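Work through the exercises below with the sequence and the 3D structure open. Each task is followed by a solution in steps.

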Amino acid sequence: MKVSSKFNLLHFVKNLTLTEIAGSIGDLGTLLPIMIALTKNNSISLTYSLIFGGLYNIYTGFYYDIPVCVQPLRLVNLSFEKMKSIAAIAIANNFSMPEVAASGILVSAIVLILGITQTITFVYKYIPLPIIRGIQLGTGLRLITQGVTVITSSNKWIFSNFYWSDNYLIAIISALICFLFYNAKKNFSALILFLFGLTVGLVKIYLIKDVKDKNLTIPSVGLSPPVCQLPLTILNSVIAISKLADDLFPFKRRPVVSLTSISVSIGIMNLIGCWFGAMPYCHGSGGLAGQFRFGARTGSSIIFLGIVKLFCGFLFGNTLLGLLMKFPNSVLGVMLIFAGLELCSVAKDVGSEYLSYKENDFEELDEESKKKKNEKYQQSNNNYVIMLSTAGTLVGFSNDGIGFLVGCTASIIFFYEKKFSTANINKNDSTNVSDN
């Protein structure tokens, strides 16, 4: 894969605005909790995760020139549970660094093969748009629910000592800031929230020595079988992000992010980094939506983030864990919610005919026009049902594969229902003509 000559150092500097910098940290809500949990459990090296994550960011920024995120490959199941103290946190299912690396390498190798052989492109051609929209909608809803879960793991309404820095009031203020900048041309909300969270973390570490961490939490972790993660990786990290990039950047040449290039990227990233103990990475639609929502529009934002990761990895390494664990859950949760909202919003084009249906639209039409408009309305209704079925089961079962299968089943049923209905109408019309 050849990096476009259009993107050079001058282009990077020219586009590196405060808005791009703010957008670059828009997916921290998905990155930090998983990175903290795995580092705490000695399942990954934080140093190498930051270094390789930074290199991947720089590469994707130069290659795609849009904010294609680099986020954790979902080899772990996360559940945010209240713990009595950070020192007493016990991670239920301990797994070693080699086990995490082996899982990341296996999944990435399969995705790489699918990309190189063009198999994934062949599959994509036969996946209806409502199913892809359902996956995006379901993933967005899951980000929102995860964001709420993270917020509820904060200090709630406790204001004593230093607990006020991570409670529901901070979450409310953070949400107000995000809404304030929601339609702004220059969105600095993520940058404001990040600087606040960073300041809180530094103060907690160096000044507030007597504050106990009993209300701070990290996720409990459990390793999932690698094969079970293939639907999630393929659907969300390859197919959904490719479609989302086309939606968010409609004036760029299609495909903005090709299925082959994104598959090869995921494969190469982990076939290299996992050997050093780096966290398995992928490119997710939720991360792209989050960074876009908070202001990122070009590859400059991701390159900047990569440089920061490299700097932190080489200079601080594993010593950053203490600071990351102090980052307010209330802020991370709000960032997750708004990333989810952005991802859900791309599904608004499905079922638009059905949602805008009015009976008086048919009054002045002749029979043939009524028939065509009714068919269009019915198809729009079917697409809407397919999307909701996919999204609903994806959220309900927390499994992209199940959501995909349900969406495919509904799509096949509607297809043959329409086929048989059309055949019956044509048969009746032929009978009527013969009788006459």
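## Exercise 1: Leu143 and its helix

Leu143 is in contact with Thr30, Gly286, Leu336, Ile337, Ala339, Gly340 and Leu343, leaving aside its neighbours within four places in sequence. The model is a predicted one.

Task. Place Leu143 in its helix, and state whether Leu143 is buried or exposed.

Solution.
1. Leu143 is found in helix 7.
2. The relative accessible area of Leu143 is 4%. The cut-off for buried is under 20%, so Leu143 is buried.
3. One of the contacts of Leu143 is Thr30. The two residues are 113 residues apart in sequence, and their C-alpha atoms are 8.5 Å apart.
4. Helix 7 covers residues 129–152, which is 24 residues. At 1.5 Å a residue the span should be 34 Å, and the end C-alpha atoms are 35 Å apart, which agrees.
5. Of the 24 residues of helix 7, 17 are buried, so the helix is largely enclosed by the rest of the structure.

## Exercise 2: The nonpolar cores

Task. How many residues does the largest nonpolar core have, and which helix gives the most to this core?

Solution.
1. The largest nonpolar core has 92 residues.
2. Helix 15, residues 329–345, gives the most to this core, with ten residues.
3. Met35, Ile66, Val257, Met279 and Tyr281 have the most contacts inside this core.
4. Take Val257 from that list. Beyond four places in sequence, Val257 is in contact with Tyr64, Ile66, Val68, Ser242, Ala245 and Ile262.
5. There is also a second, separate core of five residues, with Phe12, Ile51, Ile58 and Ile303 among them.

## Exercise 3: Helix 13

Task. Which helices do the buried residues of helix 13 pack against?

Solution.
1. Helix 13 runs over residues 299–315 and has 17 residues. From its first C-alpha to its last it reaches 24 Å, close to the 24 Å expected at 1.5 Å a residue.
2. List the buried residues of helix 13: Gly299, Ser300, Ser301, Ile302, Ile303, Leu305, Gly306, Lys309, Leu310, Cys312 and Gly313.
3. The buried residues of helix 13 pack against helix 1 (9–15), helix 2 (18–24), helix 3 (28–40), helix 4 (46–64) and helix 12 (285–293).
4. After helix 13 comes Gly317, which has a positive phi, near 60°.

## Exercise 4: Aromatic pairs

Task. What is the geometry of the pair formed by Phe52 and Tyr56, and how far apart are these residues in helix 4?

Solution.
1. The whole structure holds 18 aromatic pairs.
2. One of them is Phe52 with Tyr56, at 6.1 Å centre to centre and with 40° between the planes, a tilted pair.
3. Phe52 and Tyr56 are four residues apart in helix 4, so about one helical turn separates them. An α-helix has 3.6 residues a turn, so residues three or four places apart point the same way.
4. Phe52 and Tyr56 are both buried.
5. Compare Phe311 and Phe316: their ring centres are 6.2 Å apart and their planes are at 75°, so this pair is edge-to-face. Phe316 has 39% relative accessibility and therefore counts as partly exposed.
6. Phe52 and Tyr56 also belong to a cluster linked by ring pairs, together with Tyr48, Phe276 and Tyr281.

## Exercise 5: Gly201

Task. Where is Gly201, and which residues does Gly201 touch beyond four places in sequence?

Solution.
1. Gly201 is in helix 9, residues 189–206.
2. The relative accessibility of Gly201 is 0%, so Gly201 counts as buried.
3. Not counting residues up to four places away in sequence, Gly201 touches Leu323 and Lys326.
4. The C-alpha atoms of Gly201 and Met325 are separated by 7.9 Å, although their positions lie 124 residues apart along the chain.

## Exercise 6: The whole protein

Task. What share of the residues in the protein is buried, and how many disulfides are there?

Solution.
1. The protein has 436 residues, and 54% of them are buried.
2. Its secondary structure consists of 18 helices and four strands.
3. Among contacts with a separation of 6 or more, 86% join residues 24 or more positions apart.
4. The accessible surface is about 20,400 Å², and 64% of this belongs to carbon and sulfur atoms.
5. A disulfide needs two cysteine sulfur atoms within 2.5 Å; the count comes to zero.
6. Cys178 is buried at a relative accessible area of 3%, and Cys344 counts as buried at 15%.

Definitions and conventions:
Residues are numbered from 1 along each chain as its sequence is written. This is a predicted model: local features need pLDDT of at least 70, side-chain atom pairs count only at pLDDT 80 or more; totals for chains, interfaces and linings use all residues. Side-chain values use heavy atoms; hydrogens and water are left out. Buried means under 20% relative accessible area, exposed over 50%, partly exposed in between (1.4 Å probe, protein chains only). A nonpolar core is a set of buried Ala, Val, Leu, Ile, Met, Phe, Trp, Tyr and Cys residues joined through side-chain atoms within 4.5 Å. Helices (H or I, at least four residues) and strands (E, at least two) are DSSP runs, numbered from the N terminus. Contact means heavy atoms within 4.5 Å. Accessible areas come from the Shrake-Rupley method with a 1.4 Å probe; for residues, only the protein chains shown count as cover. The expected span of a helix is 1.5 Å times one less than its number of residues. Rings of Phe, Tyr and Trp (its six-membered ring) pair if their centres lie within 6.5 Å; planes under 30 degrees apart count as stacked, over 60 as edge-to-face and the rest as tilted.
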